[in-house]
Amino acid sequence: MRRCGLSTERLICLSCPVHLVLAFIAGDISSPLFPDVYPPGKVIKWNLTVPPGFLMRLQFQVFDLAFSQNCQGDNVRLMQKLCGNATTWTHFPRQKEFVAATMNVIFTSVTEWTADHQGFYALYEAIDADECAQDSSLCEMHCMNYIGGYYCFCSYGYELNADKRTCKGMSSYILISNAGVPNSV
């Protein structure tokens, strides 16, 4: 059975291609047949991408793979190889949440007997990247983050240059006197 669709739909990978690119804002991924026992001999790769200005957050809800020494058997490769379950604690993802600009997730099942292991289930979503906090050199003076991007602005008496990042002192500006009469400086 194969069902592919919007972010709220599950993607059940039995007849799906080996490499899937998911560019939804949110969704889920899982081992084949989850929550039932996953089959042997499967290699499935998901490439999770988000638009510029966002990061991808992946959170494991369930992680239950057959035991293997040093993750040589069944595993999920993310930023590191993950395997085992809460009982065996073999390279089990104690860190349940992973955040990156893009994520390549590879599920490999080689174990012939996985009778008591249901595999994994994870949720992913695009989250705002705070560019201002990540790189203080983006703007010469001030940086303001917004969902999906940022903008630079200058202190009083300066104006933003055409590059939208650096500031220059204003050559003249108008002062309002106490009497309310504009004076040129």
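The legends below guide you through close-up views of a predicted model.

**View 1. Four disulfides and how they are wired.**
Let's begin with the sulfur links of this predicted model. How many disulfides are there in total? The count comes to four. If you number the bonded cysteines along the chain, the pairing reads 1-2, 3-5, 4-6, 7-8. The next three views each look at one of these links.

**View 2. The disulfide of Cys132 and Cys143.**
Here Cys132 is joined to Cys143, with an S to S distance of 1.9 Å. The torsion about the S-S bond is -70°, and the link is left-handed. Which parts of the chain does this pair bring together? Cys132 sits in helix α1 (residues 131-134), while Cys143 belongs to strand β10 (residues 142-146), and the two cysteines are 11 residues apart. Look at their surroundings as well: Cys132 counts as buried because its relative accessibility is 17%, under the 20% limit for that label. Cys143, with a relative accessible area of 27%, is partly exposed.

**View 3. The disulfide of Cys139 and Cys152.**
A second link connects Cys139 with Cys152, and the S to S distance is 1.9 Å. This disulfide is left-handed, with -70° about the S-S bond. Cys139 lies in the loop between α1 and β10, and Cys152 lies in strand β11 (residues 149-153), so the link ties together parts that are 13 residues apart in sequence. Are these two cysteines buried or exposed? Both Cys139 and Cys152 are buried.

**View 4. The disulfide of Cys154 and Cys167.**
Now find Cys154 and Cys167, whose sulfur atoms are 2.1 Å apart in a disulfide. Why is this link called left-handed? The torsion about the S-S bond of Cys154 and Cys167 is about -90°, and therefore the disulfide is left-handed. Cys154 is found in the loop between β11 and β12 (158-160), whereas Cys167 is part of strand β13 (residues 167-169); 13 residues separate this pair, which links distant parts of the chain. Cys154 counts as buried at 16% relative accessibility, and Cys167 counts as buried at 11%.

**View 5. A salt bridge between Arg57 and Glu125.**
Side chains of opposite charge can pair when their charged atoms come close. The count of salt bridges comes to two. In one of them, Arg57 pairs with Glu125, and the closest N and O atoms are 2.5 Å apart. Where in the chain do the two partners sit? Arg57 is in strand β4 (residues 54-64) and Glu125 in strand β9 (residues 119-128), 68 residues apart, so to follow this link you move between distant parts of the chain. Arg57 counts as partly exposed at 22% relative accessibility, and Glu125 counts as partly exposed at 30%.

**View 6. A salt bridge between Lys168 and Glu159.**
This view shows Lys168 in a salt bridge with Glu159, where the closest N and O atoms are 3.8 Å apart. How open to the outside are these side chains? Lys168 is partly exposed, with 41% relative accessible area, and Glu159 is partly exposed too, with 33%.

**View 7. An open sheet of four strands.**
Strands of a sheet pair through backbone hydrogen bonds, either parallel or antiparallel. In which order do the four strands of this open sheet lie? Read across, the order is β2-β9-β4-β7, and the pairing is antiparallel. At the edges you will find β2 (26-30) and β7 (97-100), each pairing on one side only. Neighbouring strands of the sheet are turned by 20° against each other on average, direction ignored. Zoom in on β4 and β7, and you can trace four bridges of the antiparallel pairing. Met56 is a good residue to look for: its bridge partner in β7 is Ala100.

**View 8. A nonpolar patch on the surface.**
Our last stop is a nonpolar surface patch of about 390 Å². Which residues make it? They are Met144, Tyr146, Tyr151 and Phe153. Two elements, β10 and β11, give two or more residues to this patch. Tyr146 has its place in strand β10. Its side chain setting is partly exposed, as the relative accessible area of Tyr146 is 43%.

Methods:
Residues numbered from 1 in each chain as written. Predicted model: local features only at pLDDT ≥ 70, side-chain atom pairs only at ≥ 80, totals over all residues. Heavy atoms only, no water. Disulfide = S-S within 2.5 Å. Buried < 20%, exposed > 50% of the residue type's maximum accessible area, 1.4 Å probe, protein only. Salt bridge = Lys/Arg side-chain N within 4 Å of Asp/Glu carboxyl O. Pairing = 2+ DSSP bridges. Axes fitted to C-alpha atoms, helices over the stretch in contact; angles between N-to-C directions. Patch = residues over 30% accessible without salt bridge, like charges linked within 9 Å, V, L, I, M, F, W, Y side chains within 5 Å. Areas by Shrake-Rupley, 256 points an atom, 1.4 Å probe, with all protein chains shown as cover.
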